Amino acid sequence: MRTLLAGLLGLMTLAAMLAGGPAAAEAAIPAKPDVAGIYGGRCAACHGADRLGGMGPALLPESLDRLKPDALLDVLRHGRPATQMPGFAGTLTAPQIAALATWLRTAPSHVPRWEADEIRASRTVFHAPGSLPDRPVFSADPSNLFLVVESGTHHLSVLDGDRLEPIHRFATRFALHGGPKFSRDGRYVFVASRDGWVSKYDLWNLQLVAEIRVGLNTRNVAVSDDGQWVLAGNTLPQTMVLLRADDLALARIFPVLGQGGVPSRVSAVYDAAPRGAFIAALRDIPEVWEIPYATLVPRRILLEDRLDDFFFDQPYRHILGASRAGGGQVVDLDAGRKVADLALTGMPHLGSGITWQRDGRDVMVSPNLRQGLLSVIDMKSWQTVATIPTNGPGFFIRSHDATPYAWTDAMMSPRRDTLQIIDKQSLKVVGTVTPSPGRTAAHVEFTRDGRHALVSLMEPEGAIVVYDAATWREIKRLPMDRPVGKYNVFNKTTRSSGTSH
Ligand code: DHE
């Protein structure tokens, strides 16, 4: 029927052109879609008239950065399953949808403001500090809980790490990203959403305690080991925002300006507990910043190259960094300068690296987002001592002191359904697991005792698949909605060398 109508319309247009000459032909050219009007009528109610988000996420170029062009068109046409986002294929024409996609990827004419007033006004404290009981409301061991980020319909599930059963499920802000960060006693956890919301949960009381919007596009958060501060790194605006950890009140905004006033997006912020400081990687300038908890005055470390992604050695004296363009460097934070180059190819994902002991020496092993290999780097000589070929480019590698194996994924490749298991001494692939053929499996985290490995079946109607870490036999599956990462309170708060910090 639609084809027939289109054909009729085409004939009518042609007839009008022939009958009426140039003026009629001009009138027949379809008008440029009124995209702002379409946005106002169809999108603004959920995504905000200013595109800064509301019930739905922000729709700014920075927010859509990760969506491939086809993926954005697909959402506009068909909506998002299991959410309130409808598809417009039946009500908007293809050119209107294409124009809307282009418009959404274009920055608004005025730079959206998100400064102290907006940050302060966004904060809600649901439970004042000290108002909730100091005892867990459940019988599970609070130090062996897991948090699972479910990105399908945006939830956080809490698992009992002994019984391997869920005990609670929180709704979260849209699209959490980065590792949740725990207070030292494991009671509180802080998470950031890509849209700039920082939320604090009390895991003992299973309550959302407070939340605040620190930016319009945020990378991640870090929590100071002394329990006082939360630092968030933004790409929009180009700031870092310091909050008081107890009630998320705004403490300070650091504009990120390099030498000569060049603004920069933040790649990530980390806590460096042994240094009593935060460390920030900056995306657009060749600098790393150290912000001591005591002074809160940033110290600039000037580099030869930008760093997108980095790894701390266990004493937190050195960082091993890489830029998206490839290549790597070792920076001595005490000396404040580069001390070695790293021989790395592709796009090493150093932030996801882990360390272990081999032949009496510490090695660091990093996945690679562009090549099917793991790089093994000696932590004294900084030489790449081995390269382990894998099924394909992957995001994560994980292990535990109590297991001789490390598990890695190939989620950026056709073999994204399979994890490979590597012997930490021989550096050989000794096994594989494929939880569900054809479905993405990635991100492993071990139980506190290292006996079980929990794998994400990272799909809608996915699961956490629990394996026996010694036999690699599947023990059970817990249904989850696109589970991405999972985090064990003990492994994180003790900074286990087999997981990210
Ligand atoms: Fe991540 C952590 C950067 C895309 C899932 N990711 C991190 C961290 C950084 C980072 C800097 C460390 C933050 C921390 O510790 O708090 N991620 C990036 C990117 O630059 C990249 C490639 C592009 C982007 O979109 O920003 C990217 N990341 C992804 C994904 O597409 C993943 C697979 C799915 C998703 O939901 O976005 C993804 N990133 C994760 C996870 C962690 C993470 C699960 C936490 C790892 C951990 O175990 O600590």
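Before I start, one definition: a residue is called buried when its relative accessible area is under 20%, exposed when that area is over 50%, and partly exposed in between. Please also keep in mind that what we are looking at is a predicted model.

Let me apply that definition straight away to Arg173, which counts as partly exposed because its relative accessibility is 25%. Arg173 forms a salt bridge with Glu211, and the closest N and O atoms of this pair are 2.8 Å apart. The two partners come from distant parts of the chain, with Arg173 in the loop between β4 and β5 (181-182) and Glu211 in strand β8 (residues 207-213), 38 residues apart. Glu211, for its part, has a relative accessibility of 9%, and so it counts as buried.

For those of you who have not met this kind of pairing before, side chains of opposite charge can pair when their charged atoms come close. How many salt bridges does the count come to here? The count comes to 29 salt bridges, and I would like to walk through two more of them, taking the partners one at a time.

The next pair is Lys476 with Glu165, a salt bridge in which the closest N and O atoms are 2.7 Å apart. This pair also links distant parts of the chain, since, as the model shows, Lys476 sits in strand β32 (residues 474-480) while Glu165 sits in strand β4 (residues 165-171), and 311 residues separate them. Lys476 counts as partly exposed because its relative accessibility is 22%, and Glu165, at 30% relative accessibility, counts as partly exposed as well.

Then there is Asp378, which forms a salt bridge with Arg361, with the closest N and O atoms 2.6 Å apart. Here again distant parts of the chain are linked, Asp378 lying in strand β23 (residues 373-378) and Arg361 in strand β22 (residues 361-366), 17 residues apart. Is Asp378 buried or exposed? Its relative accessibility is 7%, so Asp378 counts as buried, whereas Arg361, at 39% relative accessibility, counts as partly exposed.

Salt bridges can also be joined up, and in this model Arg275, Glu290, Arg299, Arg317, Asp332 and Asp334 are linked in a network of them.

Let me turn to the cysteines. A disulfide is a covalent bond between the sulfur atoms of two cysteines. How many disulfides does the structure hold? The structure holds zero disulfides. Take Cys43, which is in no disulfide and whose nearest cysteine sulfur, that of Cys46, is 8.9 Å away. Why does Cys46 have no bond to Cys43? A disulfide needs the two sulfur atoms to be within 2.5 Å, and because the sulfur of Cys46 is 8.9 Å from the one in Cys43, its closest cysteine sulfur, the two are too far apart for a bond. As for their surroundings, Cys43 counts as buried because its relative accessibility is 6%, while Cys46, at 27%, counts as partly exposed.

Now to the ligand, which contains an iron atom, and this iron has a single donor from the protein, namely the NE2 atom of His177, 2.2 Å away. His177 lies in the loop between β4 and β5, and an N or O atom in the side chain of His177 is also 2.9 Å from a nitrogen atom of the ligand.

Looking at the wider shell, 21 residues surround the ligand, and the closest are His177, Lys181, Arg194, Arg398 and Ser500. A polar side-chain atom of Lys181 lies 2.6 Å from an oxygen atom of the ligand, and for Arg398 a side-chain N or O atom is 2.3 Å from a ligand oxygen. Three strands, β9 (217-223), β13 (266-272) and β33 (483-488), each supply at least two residues of this shell. By type, the shell residues divide into seven nonpolar, eight polar and six charged.

I will close with two aspartates. Asp308 lies in the loop between β16 (299-302) and β17 (309-312), its side chain is joined to that of Ser267 by a polar contact of 3.4 Å, and because its relative accessibility is 9%, Asp308 counts as buried. Asp70, by contrast, is exposed, with a relative accessible area of 61%, and its place is in helix α4 (residues 69-78). From C-alpha to C-alpha, Asp70 and Ala101 are 9.8 Å apart in space, and they are 31 residues apart in sequence.

Definitions and conventions:
Residues are numbered from 1 along each chain as its sequence is written. This is a predicted model: local features need pLDDT of at least 70, side-chain atom pairs count only at pLDDT 80 or more; totals for chains, interfaces and linings use all residues. Side-chain values use heavy atoms; hydrogens and water are left out. Helices (H or I, at least four residues) and strands (E, at least two) are DSSP runs, numbered from the N terminus. Buried means under 20% relative accessible area, exposed over 50%, partly exposed in between (1.4 Å probe, protein chains only). A polar contact is a pair of N or O atoms within 3.5 Å; within protein, one must be able to donate a hydrogen and the other to accept it, and residues adjacent in sequence count only if both atoms are side-chain atoms. A salt bridge is a side-chain nitrogen of Lys or Arg within 4 Å of a carboxyl oxygen of Asp or Glu. Donors are N, O and S atoms within 2.8 Å of the metal (3.2 Å for Na, K and Ca); water is not among the atoms, so sites may look incomplete. A residue is near a molecule or strand if one of its heavy atoms lies within 4 Å of it. Ala, Val, Leu, Ile, Met, Phe, Trp, Tyr, Cys and Pro count as nonpolar, Asp, Glu, Lys and Arg as charged, and the others, Gly among them, as polar.
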